[in-house]
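Here's a quick briefing to read alongside the viewer. Keep the model open and click through the residues as they come up.

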Amino acid sequence: MDLDDLEIFRAVVREGGVTRAADRLHRVPSNVTTRIKQFEERIGHSLFRR
């Protein structure tokens, strides 16, 4: 598990969405989405409803 993954996950939860989390983290939304999906694959669980 990567600390960046946890930081991104936490930002999405706190901000209430990928777009706002991306703004806070100074990343593009597609990067945040990709990182969340990769994190979910590594842990073997879905973290958000889509």
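**Briefing: helices, core and loop**

Asp23 counts as exposed, because its relative accessibility is 55%, over the 50% cut-off. Its home is helix H2. Bear in mind that this is a predicted model. The notes below start with H2 and its two faces, then go on to packing, core, loop and a few single residues.

**The two faces of H2**

- Start on the inside: Ala21, Ala22 and Leu25 are the buried residues of H2.
- Look down the axis of H2 and those buried residues fit within an arc of 100°, so they line one face of the helix.
- There's a general reason for that sort of pattern: an α-helix has 3.6 residues a turn, so residues three or four places apart point the same way.
- What do the buried residues of H2 pack against? They pack against H1 and H3.
- Asp23 has company on the other side, as the face of H2 turned away from its buried side carries the exposed residues Arg20, Asp23 and Arg24.
- For a sense of distance, Asp23 and Glu7 sit 13 Å apart from C-alpha to C-alpha, with their positions 16 residues apart in sequence.

**How H2 meets H3**

- Two packed helices are described by the angle between their axes and the distance between the axes.
- Here, H2 (residues 18-25) and H3 (residues 29-43) pack at about 105°, and their axes are 8 Å apart.
- That angle falls in the 65 to 115 degree range, so H2 and H3 are roughly perpendicular to each other.
- On the H2 side the contact is made by Val18, Thr19 and Ala22, which meet Pro29, Val32 and Thr33 in H3.
- Sorted by class, this H2 and H3 contact has four nonpolar residues, two polar ones and no charged ones.
- Thr33, one of the H3 residues in that contact, is partly exposed, with a relative accessible area of 27%.
- From Thr33 to Asp5 the C-alpha distance is 11 Å, and the two are 28 residues apart in sequence.

**The nonpolar core**

- Which residues make up the largest nonpolar core? It has eight: Ile8, Ala11, Val12, Ala21, Ala22, Leu25, Val32 and Ile36.
- H1, H2 and H3 are the elements that give two or more residues to this core.
- Leu25 touches Glu7, Ile8 and Ala11, leaving aside neighbours within four places in sequence.
- Ala11 is in helix H1, and it counts as buried because its relative accessibility is 6%.
- Beyond its neighbours within four places in sequence, Ala11 is in contact with Gly16, Ala21 and Leu25.
- The C-alpha atoms of Ala11 and Ala22 are 8.1 Å from each other, and these residues are 11 apart along the chain.

**The loop after H2**

- His26 comes just after H2, in the loop between H2 and H3.
- Check the backbone there: the phi of His26 is near 60°, a positive value in a residue other than glycine.
- Is His26 buried or exposed? Its relative accessibility is 74%, so His26 counts as exposed.

**Buried charged residues in H1 and H3**

- Asp5 is in helix H1, which covers residues 3-15.
- Although Asp counts as a charged residue type, Asp5 is buried, at 2% relative accessibility.
- Which residues does Asp5 touch, not counting those up to four places away in sequence? They are Arg35, Phe39 and Arg42.
- Arg35 lies in helix H3, and at 17% relative accessibility it counts as buried, because the cut-off is under 20%.
- Not counting residues up to four places away in sequence, Arg35 touches Asp2, Asp4, Asp5, Ile8 and Arg27.
- The link between Asp5 and Arg35 therefore joins two residues that both count as buried, at 2% and 17%.

Key: Residues are numbered from 1 along each chain as its sequence is written. This is a predicted model: local features need pLDDT of at least 70, side-chain atom pairs count only at pLDDT 80 or more; totals for chains, interfaces and linings use all residues. Side-chain values use heavy atoms; hydrogens and water are left out. Helices (H or I, at least four residues) and strands (E, at least two) are DSSP runs, numbered from the N terminus. Buried means under 20% relative accessible area, exposed over 50%, partly exposed in between (1.4 Å probe, protein chains only). Contact means heavy atoms within 4.5 Å. Axes are lines fitted to C-alpha atoms, for helices over the stretch in contact, and angles run from 0 to 180 degrees between N-to-C directions. Angles under 35 degrees count as roughly parallel, over 145 as roughly antiparallel, 65 to 115 as roughly perpendicular and the rest as oblique. The arc is that of the directions from the helix axis to the C-beta atoms. A nonpolar core is a set of buried Ala, Val, Leu, Ile, Met, Phe, Trp, Tyr and Cys residues joined through side-chain atoms within 4.5 Å.
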